[in-house]
Amino acid sequence: MYKEKLAIHGGEPVRTEPMPPPYAGASVYGEEEERAVLEVIRSKSPYRYYGPNVLGKVREFEKAFSKKIGIEYTLGVTSGTASLVVALKAAGIGPGDKVIVPACTFLATPGAVVCAGAVPVFADIDESMNIDPDAIEKVVDKHTKAIIPVPILGNPCQMDRIMEIAHKYNLVVIEDVAQSCGSKYKGRYSGTFGDINCFSLQINKIITTGDGGAVVTNDPKLYERAVRYHDQGMFREKEGFLSKSSADDVFIGQNYRMSEITGAIAVEQLKKLDYIVESMRKIKYNIKDQIRDIPGIGFRRINDEEGDAGNSLIIYLENPEKAKEFREALNAEGIPASFLYNGEPIYMLPQIFNKKTADSSGFPFNQFDEEIVYEKDMCPKAWDIMQRTATINFSPAFTEKDAEDVVKAIHKVAKYIL
Ligand SMILES: Cc1ncc(COP(=O)(O)O)c(C=O)c1O
């Protein structure tokens, strides 16, 4: 039977012009963001707390974000990583504590735990690539204080089961929604289930200000502690600048304050969230429907398809070798396909695996009677799945023609390789 030649073998690629870059929020930057930034510049007041004519853009973003996702308090911060550190400190997590994180997440999740003075413990994932609720109990011990579920690339976590287990063991839940703003589980936005939850506005994220983040909670006490930690221990709106209040809940903080310029962009990006998510979902499910029946192709399980933010299509192949071949062949056809985090559990990165911090004291890993040890095979499911994936990332800039090319290339490559 005649088969066209794969581009990787010297054939004609499906596509020669580059695919739209997968920067969802940034791809819809327009006059609205321009105008908002200019307004702040013209006000000569880029700082949220004072200046000649503060426009209150950060506050506006916080209010709008709370209203959008349905939560009482939002605090704008400088990054997703900052949001995790602030949330952990607000929850009182520190030396001698362990925090459960999934084996498949970005370095920032366990990194923030270490920054807070605690130690990350890794739980395995399931077919959704998110934390496996059944794996949580296996790693809980008397030091465990919190758990950070991470909805990976648009796929909401099974928050009902996670909350149940967290209650059983009295764990604080901190959702790290960095990659999945706008995703929902059973009709409710990710980031509204846990005690105090985190978002990122970094360039790869669904809405973006370049860098930026948000902490959200329904708990006034956690909110107050988050405000204090992010602003050098102060709660200016309550007690003014450098108050000498010595209430029990005053403590030393850091500076993770969001600037008015960031706030201004965030306000405009938030207005576009629904459009971004709807566009990506449409493209993704259009492609998925046309490749569903190809033998040898499987898909990441989506925990709630209606709540999928649609930023990524993750294909499962039979084994790591096939997945590598498949990705390389797709790339040669002009369709970028990647895998997450080198295809390995995040604890394999030497910083984590070797427990390296910026100093040589051994802190915070030396705060326990037993030695903290990370072993390669701690999370076998993560190893199995992460090696076998091909991921295609979307943005609202994807056109129907782009989707057609993706479908064409996948069929072409599958015919040869699978
Ligand atoms: C799951 C996850 N958590 C946290 C972060 C950190 O966010 P940021 O880059 O805004 O610090 C990221 C991405 O960068 C992420 O993907």
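In what order do the 4 strands of the open sheet stand, and is their pairing parallel or antiparallel? The order is β3-β2-β4-β5, and the pairing is parallel. The structure described here is a predicted model, in which local features need pLDDT of at least 70 and side-chain atom pairs count only at pLDDT 80 or more, while totals for chains, interfaces and linings use all residues. Residues are numbered from 1 along each chain as its sequence is written. Helices (H or I, at least four residues) and strands (E, at least two) are DSSP runs, numbered from the N terminus.

Two strands are said to pair if DSSP finds at least two bridges between them. Strands of a sheet pair through backbone hydrogen bonds, either parallel or antiparallel. In the open sheet, β3 (119-123) and β5 (172-173) are the edge strands, each pairing on one side only. Strand β4 (residues 144-147) is joined to β5 by 2 bridges, and the two run parallel. Within this pair, I147 stands opposite V173 of β5.

A further set of strands is paired in the antiparallel sense. Strand β10 (residues 298-299) is linked to β11 by 2 bridges and runs antiparallel to it. Strand β11 (residues 312-316) is in turn joined to β12 by 5 bridges, again antiparallel. Y316 of β11 takes part in both pairings: it is the bridge partner of G298, and its partner in β12 is T389. I315 stands opposite A390 in β12. To describe how covered these strands are, a residue is called buried if 20 or more other C-beta atoms lie within 10 Å of its own, exposed if 12 or fewer, and partly exposed in between, with C-beta atoms placed from the backbone. Of the 5 residues of β11, 4 are buried, so this strand is largely enclosed by the rest of the structure. Strand β12 (residues 389-393) also has 4 of its 5 residues buried, and is therefore largely enclosed by the rest of the structure.

The helices α10 and α11 may be considered next. The expected span of a helix is 1.5 Å times one less than its number of residues. For the 12 residues of α10 (residues 260-271) this gives 16 Å, and the end C-alpha atoms are 17 Å apart, which agrees. For the 19 residues of α11 the expected span is 27 Å, and the end C-alpha atoms lie 27 Å apart, which agrees. Helix α10 is mostly covered, with 11 of its 12 residues buried. Two residues are in contact if their C-beta atoms, placed from the backbone, lie within 7 Å. The buried residues of α10 pack against α1 (24-27), α2 (31-43), α3 (57-69), β1 (73-77) and α11 (273-291). In α11, the buried residues include I276, V277, M280 and I283. The buried residues of α11 pack against α1, β11 and α15 (400-417).

Attention now turns to the core. A nonpolar core is a set of buried Ala, Val, Leu, Ile, Met, Phe, Trp, Tyr and Cys residues joined through C-beta atoms within 7 Å. The largest such core has 118 residues, and those with the most contacts inside it are A87, L88 and A226. Helix α4 gives the most to this core, with 7 residues. Leaving aside its neighbours within four places in sequence, L88 is in contact with I93, A112, V113, A116, A118 and I174.

The surroundings of the ligand are described by residues near it, that is, with a C-beta atom, placed from the backbone, within 6 Å. There are 15 residues around the ligand, the closest being S79, G80, T81, A178 and S200. Helices α4 (80-90) and α5 (108-115) are the elements that give two or more residues to this shell. By class, the shell has 4 nonpolar, 9 polar and 2 charged residues. Here Ala, Val, Leu, Ile, Met, Phe, Trp, Tyr, Cys and Pro count as nonpolar, Asp, Glu, Lys and Arg as charged, and the others, Gly among them, as polar.

Some details of the backbone in loops remain. K44, in the loop between α2 and α3, has a phi near 55°, a positive value in a residue other than glycine. K44 is exposed, with 10 other C-beta atoms within 10 Å. Q232, in the loop between α8 (220-230) and α9 (236-239), has a positive phi of about 55° although it is not a glycine. Q232 counts as partly exposed because it has 15 C-beta neighbours inside 10 Å. The peptide bond from F363 to P364 is cis, with omega near 0°, and P364 lies in the loop between α13 (350-353) and α14 (380-387).
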